[in-house]
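This report describes a protein model together with its bound ligand. The surroundings of the ligand are treated first, followed by the overall architecture and selected backbone features.

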Amino acid sequence: MNLVLFGPPGSGKGTQAKILQEKRGLPQLSTGDMLRAAIAAGTDLGKRCKAIMESGDLVPDEIVIGIIAERYDQPDCAKGAVFDGFPRTIPQAEALDAMLKARRKKIDIVIELKVDDAVLISRVEQRIKDSGGGARADDRPETLQNRLAVYYRNTAPLIEYYKKQGKLVTVDGMAPIDGVSRDIEAVLDRAGRRGCVGV
Ligand code: ADP
């Protein structure tokens, strides 16, 4: 099964992707984590992305499309993957569809985690407090505003893109973590009974 976890910054995509990885053995493919790893390792790619990420803007499509394709071809993705934080633009979604099609695969389901802006802002503020000074470089109140604006401008149009494909399911991302993960499991079980290949 190939699954996209979709939602604004702070909606819990990373948390739920990790739970899915544990429960279903589907690797979490987080472009944010991959980019942060590249920055930490000081690679050329990391150097190109550092300032962009710190401002809350999106790194160029071709960069994330490239790292996702390379990661997807690793053997642990043979049974599928959970895409977390990718795609974030229409060209990325089109590239993902084309990449999977070339491998005779497809996105089976897209789960949108719906969370109100006020809750997103307070979650990220809490994350900053909890980090004790070691917060992510882009977890700053000013940057969060830009990340939200970028989400609504560039990423939210994907809701329509996946609705048209009949793949979008919306889950209440404001429930407690285990409630959200139960809802996601229920969605996947229903999709499995409907006969989505490999779910
Ligand atoms: P969050 O969803 O909490 O904002 P991520 O870890 O997914 O955090 O992403 C952090 C940053 O990494 C983004 O603000 C962006 O700069 C960059 N990034 C991650 N994924 C992508 C992507 N698919 N396309 C472009 N930029 C990305």
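## Ligand environment

In this predicted model, the ligand is surrounded by 20 residues, of which Lys13, Thr31, Arg36, Asp57 and Gln92 come nearest. Sorted by class, this shell comprises eight charged, seven nonpolar and five polar residues. Among the secondary structure elements, helix 2, which spans residues 31-41, gives the most to the shell, with four residues.

The space that the ligand takes is the largest pocket.

## Polar contacts and coverage of the ligand

Two contacts involve nitrogen atoms of the ligand. A polar atom in the side chain of Gln92 lies 2.9 Å from a ligand nitrogen, and a polar backbone atom of Gly85 is found 3.0 Å from a nitrogen atom of the ligand. A further contact involves a ligand oxygen, which is 3.1 Å from an N or O atom in the side chain of Arg88. Gly85 thus takes part through its backbone, whereas Arg88 takes part through its side chain.

On its own, the ligand has 550 Å² of accessible area, and the protein covers 97% of this area.

## Overall architecture

The protein contains nine helices and five strands. Read from the N terminus, the order of its elements is β-α-β-α-α-α-β-α-β-α-α-α-β-α.

The C-alpha trace extends over about 45 × 35 × 30 Å along its principal axes. How does the radius of gyration of the protein compare with that of a compact globule of 199 residues? The protein has a radius of gyration of 16 Å, which agrees with the value near 16 Å that a compact globule with 199 residues would have.

## Backbone features

Two loops on either side of helix 5 hold particular backbone features. Before this helix, the loop between strand 3 (81-84) and helix 5 (90-102) contains Pro87. The peptide bond that joins Phe86 and Pro87 is cis, with omega at about 0°.

After the helix, the loop between helix 5 and strand 4 (109-114) contains Arg104. Although Arg104 is not a glycine, its phi is positive, at about 55°.

## Summary

The ligand occupies the largest pocket, and 97% of its accessible area of 550 Å² is covered by the protein. Its polar contacts include those with Gly85, Arg88 and Gln92. The backbone features comprise the cis peptide bond between Phe86 and Pro87 and the positive phi of Arg104.

Methods:
Residues numbered from 1 in each chain as written. Predicted model: local features only at pLDDT ≥ 70, side-chain atom pairs only at ≥ 80, totals over all residues. Heavy atoms only, no water. Near = heavy atom within 4 Å. Polar contact = N/O pair within 3.5 Å; in protein donor to acceptor, adjacent residues only side chain to side chain. Areas by Shrake-Rupley, 256 points an atom, 1.4 Å probe, with all protein chains shown as cover. 1 Å grid on protein atoms, 1.4 Å probe; cavity = no way out; pocket = protein on both sides within 12 Å on 5 of 7 lines; lining within 4 Å. Sits in = over half its atoms within 2 Å of the grid points. Nonpolar A, V, L, I, M, F, W, Y, C, P; charged D, E, K, R; others polar. Rg over C-alpha atoms; globule rule 2.2 N^0.38 Å.
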